[in-house]
Amino acid sequence: MNEKKEVGEKALDYIKDGMVVGLGTGTTVFYTLTKLGELVRNGLSIKGIPTSKQTEKLAKEFGIPLISFSEVKQIDVAIDGADEVDPELNLIKGGGGALLREKIIAHAAKTFIVVADPDKNVAKLGSFPLPVEVLPFGFELTKKKIQELGLIPHLRQVQGGPFRTDNGHYILDCRIPDKPNHKELERELNLIPGVMENGLFLGMTDKYITLDRNKDNSIVVRHR
Ligand code: 5RP
């Protein structure tokens with residue numbers, strides 16, 4: 001069984017004709033996009049708004065019509081993956097580096113649906129390093145300020161150089177303290193000049209689609 005495919009496709013139960021759909025990023029949403037393309041070819045009329053260049057490219061390949069922010073009146077549903085999901089459906093996101101656009105779109109959506117295999121479920125957030133997107137200008141100072149909050153940041157690297165987001169920014173992957181107040185941490189991080197956004201998605205998830213390991217891996221949809 002392909003767990004990512006199962007949960008990724010299930011999200012399409014919530015997509016109806018005429019909707020504007022926020023299209024997330026990652027290997028789970030890949031299956032959402034593949035199936036959505038199929039539904040569009042069979043007559044479903046929706047418009048998508050992608051959270052990354054990678055997703056934009058896939059959506060075009062799969063024949064999903066896209067819409068730009070200037071034309072959007074509202075985003076009905078956004079579907080996205082996660083790197084960690086806690087029992088209150090708070091998330092860490094940004095493993096794929098798309099957290100800023102993902103947060104803009106999730107925040108704007110009337111319904112935010114998260115799809116993830118059960119390996120992403122955690123009792124508390126923080127085993128996965130928290131991605132923080134920062135401006136390259138003066139990032140060394142930004143990094144110091146983040147350290148002063150008790151985090152341990154590492155500049156994300158790719159092929160021997162800093163990873164760049166679709167927005168041209170860097171990512172600092174941060175080990176976070178054992179028992180932080182996540183709400184406070186999110187606020188403090190975003191108050192640092194040079195921090196563009198962080199990967200904590202707190203109180204944003206409306207529906208969470210995963211599998212229940214205790215019930216033969218059957219699909220479970222949890223609601224906030
Ligand atoms: C990208 C993300 C992804 O949603 C997250 O990394 C999960 O990805 P995957 O479905 O590949 O495990 O936040 O920035």
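Which side chain has an N or O atom 3.1 Å from an oxygen atom of the ligand? In this predicted model, the side chain is that of Glu-102. The protein covers 92% of the 380 Å² of accessible area that the ligand has on its own.

**The ligand and its surroundings**

Two lysine side chains also place polar atoms beside ligand oxygen atoms: Lys-4 at 3.2 Å and Lys-93 at 2.9 Å. The table sets out these distances together with that of Glu-102.

| Residue | Distance from a polar side-chain atom to an oxygen atom of the ligand |
|---|---|
| Lys-4 | 3.2 Å |
| Lys-93 | 2.9 Å |
| Glu-102 | 3.1 Å |

There are 17 residues around the ligand, and those that come nearest are Thr-27, Thr-28, Asp-83, Gly-94 and Lys-120. By residue class, the shell divides into 2 nonpolar, 9 polar and 6 charged residues.

**Glu-102**

Glu-102 belongs to helix 4, which spans residues 99–108. In the unreviewed UniProt entry, the annotation "active site" covers Glu-102. Is this residue buried or exposed? Glu-102 has a relative accessible area of 4%, so the residue is buried, since buried means under 20%. Apart from neighbours within four places in sequence, the residues in contact with Glu-102 are Thr-25, Thr-51, Asp-80, Lys-93, Gly-94 and Phe-201. Among these contacts is Lys-93, whose side chain also has a polar atom 2.9 Å from an oxygen atom of the ligand. Gly-94, another contact of Glu-102, is one of the residues that come nearest to the ligand.

**Asn-198**

Asn-198 lies in strand 12, which comprises residues 195–198. Its relative accessibility is 0%, and Asn-198 therefore counts as buried. Which residues does Asn-198 touch, when those up to four places away in sequence are not counted? They are Leu-99, Lys-103, Pro-131, Val-132, Glu-186, Leu-189 and Asn-190. With Asn-190, the side chain of Asn-198 makes a polar contact of 2.9 Å, side chain to side chain.

**The loop between strands 14 and 15**

Strand 14 (207–212) and strand 15 (218–223) are joined by a loop that contains Asp-216. Asn-217 is found in the loop between these strands as well. Asp-216 has a relative accessibility of 77% and, because exposed means over 50%, counts as exposed. The phi angle of Asp-216 is near 55 degrees, a positive value in a residue other than glycine. For Asn-217, phi is likewise positive and near 55 degrees, again in a residue that is not glycine.

Leaving aside neighbours within four places in sequence, Asn-217 is in contact with Met-1, Glu-3, Glu-6, Leu-211 and Asp-212. The side chain of Asn-217 is also joined to that of Arg-213 by a polar contact of 3.3 Å.

**Distances along the chain and in space**

How far apart in space are Asn-217 and Asn-190, which are 27 residues apart in sequence? Their C-alpha atoms are 38 Å apart. Gln-147 and Arg-175 stand 28 residues apart along the chain, and their C-alpha atoms are separated by 9.9 Å. Gln-147 itself is found in helix 5, formed by residues 139–148. With a relative accessibility of 40%, Gln-147 counts as partly exposed.

Notes:
Residues numbered from 1 in each chain as written. Predicted model: local features only at pLDDT ≥ 70, side-chain atom pairs only at ≥ 80, totals over all residues. Heavy atoms only, no water. Near = heavy atom within 4 Å. Polar contact = N/O pair within 3.5 Å; in protein donor to acceptor, adjacent residues only side chain to side chain. Areas by Shrake-Rupley, 256 points an atom, 1.4 Å probe, with all protein chains shown as cover. Nonpolar A, V, L, I, M, F, W, Y, C, P; charged D, E, K, R; others polar. UniProt positions renumbered as here; feature names shortened; annotations may be inferred. Helix = DSSP H or I, 4+ residues; strand = E, 2+ residues; numbered from the N terminus. Buried < 20%, exposed > 50% of the residue type's maximum accessible area, 1.4 Å probe, protein only. Contact = heavy atoms within 4.5 Å.
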